[in-house]
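Me: Please give me a close look at the salt bridges in this structure. I am new to this, so explain each term as you go.

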Amino acid sequence: MTSSPLTALSPLDGRYAARVSALGPRLSEYGLMHRRVQVELEWFVALSDAGFDEFPPLAEASRALLRSWVEGFSLDDAQAIKDIERTTNHDVKAVEYWLVAKFAPHAELARSAGFVHFACTSEDINNTSHALMLSAARDEVVLPALDAVLAALAALAHAEAATPMLARTHGQTASPTTLGKEAANVHARLATARQRIAAVPLRAKMNGAVGNYNAHLAAWPQFDWEAFARRVVEERLGLVFNPLTIQIEPHDGMAELFDALARANTILVDWCRDVWGYVSLGYFRQKTRAGEIGSSTMPHKVNPIDFENAEGNYGIANALLVHFSAKLPLSRWQRDLTDSTVLRNMGVALGHTLLAHDSVARGMARLEVDRAALAADLDDAWEVLAEAVQTVMRRHRLAQPYERLKALTRGRAVTRASLHAFVDSLVELPAAERARLKALTPAGYIGLAARLAGRV
């Protein structure tokens, strides 16, 4: 059978491929090879500028050529490296051999080919490559997708800031809120989570087989290799230098990033479940699409599938992200290989995250507020004003206000008439206060919700 999206083992490469395609060039095997080539060549050029007699500075033409190999790195280039790996059975060494072969036709580069991968262990190349991959995926793909969700939440918060809605604590009627305020709550949480994702420093090291610059000093004992490595990591690659490591960079920064991503995902699971419930209550209708079918047997169905799909994909993503953050900082002695195969799944975790963000944004674009349904629920919940009445009674020092309202309302139907009758019986209250309480409605009992919603 020929390869096809229909035969893909992962739905990210099949059913959902188009929706997560932006991550492919950044977090795939191709993306890893691309970054390895970038790191190898940045190290090579930096060595030429280090002032060693044995490796004079490269001519500008050679530098431009090397830059073009990075900028123009293609699938054919990646396949050529993969072909070499069949012999080496070592992926980083395959990159080195591919570069040396590319150097051969160019006299200046060929003379200095021995400085490709000079004094490096594979993890010097890999850890910097993984950090570059994650940085690009986070900044160029995941955060923009999260920003689209934040924008949708902000729009809902502003548009519905004053739209009253019956709250439900423990699934029971509770003091009213506004639909916009509930969206604002999620926006505030998610904005904080986004800041934490963006702020995680991605660290990298270039210090040799066990982190001590052993080989480096064997070659040039008087050279300040630590300062040199820092310059390469920070100035050439734009990462944060980690000065103390074993063979691997310990992945603490990665773990922090994965935890931050999982936290944002969890916040959005909470939102997806709430929206699902609001759709079930009729607070939201969903815009229909021509030709779309909600059920193979029930023609009336318009299901909240975008929020359901998002919740499911956030769950898969978080299962992986939590595993990454727990596993990656662990390494036996100076290095074991268990992190390598785990890191190859970064794209899977971020792919499910991106797919879920996209589903939430799609789902929110389909929502329409049913104000009549919201108003009907509020008008059928006069018991929620018991809080207001007993609080005013407390202010005026009436005896047993909570207990008296509890006897009136708990487990009993409360109507406008029965509540007003109770208020009228409170002759101890000033007449103006009784009039103010009777003027209250469930829809008007929203506190500062509208003002709070407008802040996002």
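Reply: Let's start with burial: a residue is called buried when its relative accessible area is under 20%, exposed when it is over 50%, and partly exposed in between, using a 1.4 Å probe and protein chains only. What you see is a predicted model, in which local features need pLDDT of at least 70 and side-chain atom pairs count only at pLDDT 80 or more, while totals for chains, interfaces and linings use all residues. Residues are numbered from 1 along each chain as its sequence is written, and side-chain values use heavy atoms, with hydrogens and water left out.

Now to your topic. A salt bridge here is a side-chain nitrogen of Lys or Arg within 4 Å of a carboxyl oxygen of Asp or Glu. By this rule, the count comes to 30 salt bridges. Helices (H or I, at least four residues) and strands (E, at least two) are DSSP runs, numbered from the N terminus.

Take R344 and D91, whose closest N and O atoms are 2.6 Å apart in their salt bridge. R344 sits in the loop between α13 (338-343) and α14 (346-365), and D91 in helix α5 (residues 91-103), so this pair ties together parts that are 253 residues apart in sequence. The two ends have their own surroundings: R344 is partly exposed at 36% relative accessibility, whereas D91 is buried, with a relative accessible area of 14%.

Next, find R168 and D377, a salt bridge whose closest N and O atoms are 3.4 Å apart. Because R168 lies in strand β1 (residues 164-169) and D377 in helix α15 (residues 371-379), the pair ties together parts that are 209 residues apart in sequence. Here R168 is partly exposed, at 35% relative accessibility, and D377 is partly exposed too, at 23%.

For a pair that links two helices, look at E311 and R273: their salt bridge has its closest N and O atoms 2.8 Å apart. E311 belongs to helix α12 (residues 305-327) and R273 to helix α11 (residues 252-281), so parts that are 38 residues apart in sequence are tied together. E311 counts as partly exposed, with 26% relative accessibility.

Salt bridges can also share partners, and that is how E29, R36, K82, E85, D91 and R344 are joined into one network. So when you return to R344 and D91, you are looking at two members of that network, because the salt bridges there share partners as the rule allows.
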